[in-house]
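Here's a quick briefing for anyone opening this model for the first time. Have a look around, then read on for the main points.

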Amino acid sequence: MIPGGGQPNMQQLLQQAQKMQQDLQRAQEELANTEVDGQAGGGLVKATVTGAGELRALKIDPKAVDPEDTDTLADLIVAAVQAANENAQALQQQKLGPLAQGLGGGTGIPGLPF
């Protein structure tokens, strides 16, 4: 409902929606270019992902490599990637959360991870 009983200015609403869409696209591009890290095993395994969750790098300290125990190394890799993705999700919330709220509360928007 418009205060004063007036009709909404459709041109103004469309301009606001277009600006929000551009802001959202800009934030998504920024996320795709921002790298965040995660680690496991006290830093023996480090993973780097983009803010969009794309795995970019994986560093494994030679001390983590035991040919007789590859299961532990695999667990450390998974944990490091998960930690990096959690950091990426936090970054997504920080960058996209306010924009998504402006689009209707941040729920049920296709393509957004929250």
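A residue counts as buried when its relative accessible area is under 20%, exposed when over 50%, and partly exposed in between, using a 1.4 Å probe and protein chains only. This is a predicted model, where local features need pLDDT of at least 70 and side-chain atom pairs count only at pLDDT 80 or more, while totals for chains, interfaces and linings use all residues. Residues are numbered from 1 along each chain as its sequence is written, and side-chain values use heavy atoms, with hydrogens and water left out.

**The overall layout**

- The protein chain has two helices and three strands; these are DSSP runs numbered from the N terminus, with at least four residues for a helix (H or I) and at least two for a strand (E).
- Going along the sequence, you meet them in the pattern α-β-β-β-α.
- The protein chain is 114 residues in length, and 26% of them count as buried.
- Its accessible surface comes to about 7800 Å², and carbon and sulfur atoms own 51% of that; the areas come from the Shrake-Rupley method with a 1.4 Å probe, and for residues only the protein chains shown count as cover.
- Take the contacts (heavy atoms within 4.5 Å) with a separation of 6 or more: 47% of them involve residues 24 or more positions apart.

**The sheet**

- Three strands make an open sheet in the order E1-E2-E3, with antiparallel pairing; two strands pair if DSSP finds at least two bridges between them.
- E1 and E3 (55–60) are the edge strands, each pairing on one side only.
- From one strand to the next, the twist averages 15 degrees, where axes are lines fitted to C-alpha atoms (for helices over the stretch in contact) and angles run from 0 to 180 degrees between N-to-C directions.
- E1 and E2 are joined by six bridges, and they form a hairpin with four residues between them.
- In that turn, Gly-41 has a positive phi of about 65 degrees.
- Val-36 has Val-49 as its bridge partner in E2, while Asp-37 stands opposite Thr-48.
- Side chains alternate along E1: Val-36, Gly-38 and Ala-40 point to one face and are buried, whereas Glu-35, Asp-37 and Gln-39 point to the other and are not.

**The nonpolar core**

- The largest nonpolar core has 16 residues, and Val-36, Val-45 and Leu-76 are among those with the most contacts inside it; such a core is a set of buried Ala, Val, Leu, Ile, Met, Phe, Trp, Tyr and Cys residues joined through side-chain atoms within 4.5 Å.
- H1 (10–33), E1 (35–40), E2 (45–50) and H2 (70–102) each supply at least two residues of this core.
- H2 gives the most, with seven residues.
- Leaving aside residues up to four places away in sequence, Ala-64 touches Leu-44, Val-45, Leu-73 and Leu-76.

**Salt bridges**

- There are five salt bridges, counted when a side-chain nitrogen of Lys or Arg lies within 4 Å of a carboxyl oxygen of Asp or Glu.
- Lys-19, Asp-23 and Arg-26 are linked in a network.
- In the Lys-19 and Asp-23 pair, the closest N and O atoms are 2.8 Å apart; these two are four residues apart in helix H1, so about one helical turn separates them.
- Arg-26 also meets Asp-23, at 3.1 Å from N to O, and Asp-23 is buried with a relative accessible area of 18%.
- Arg-56 forms a salt bridge with Glu-54, with the closest N and O atoms 3.5 Å apart.
- Arg-56 is partly exposed at 40% relative accessible area, and Glu-54 is partly exposed at 46%.
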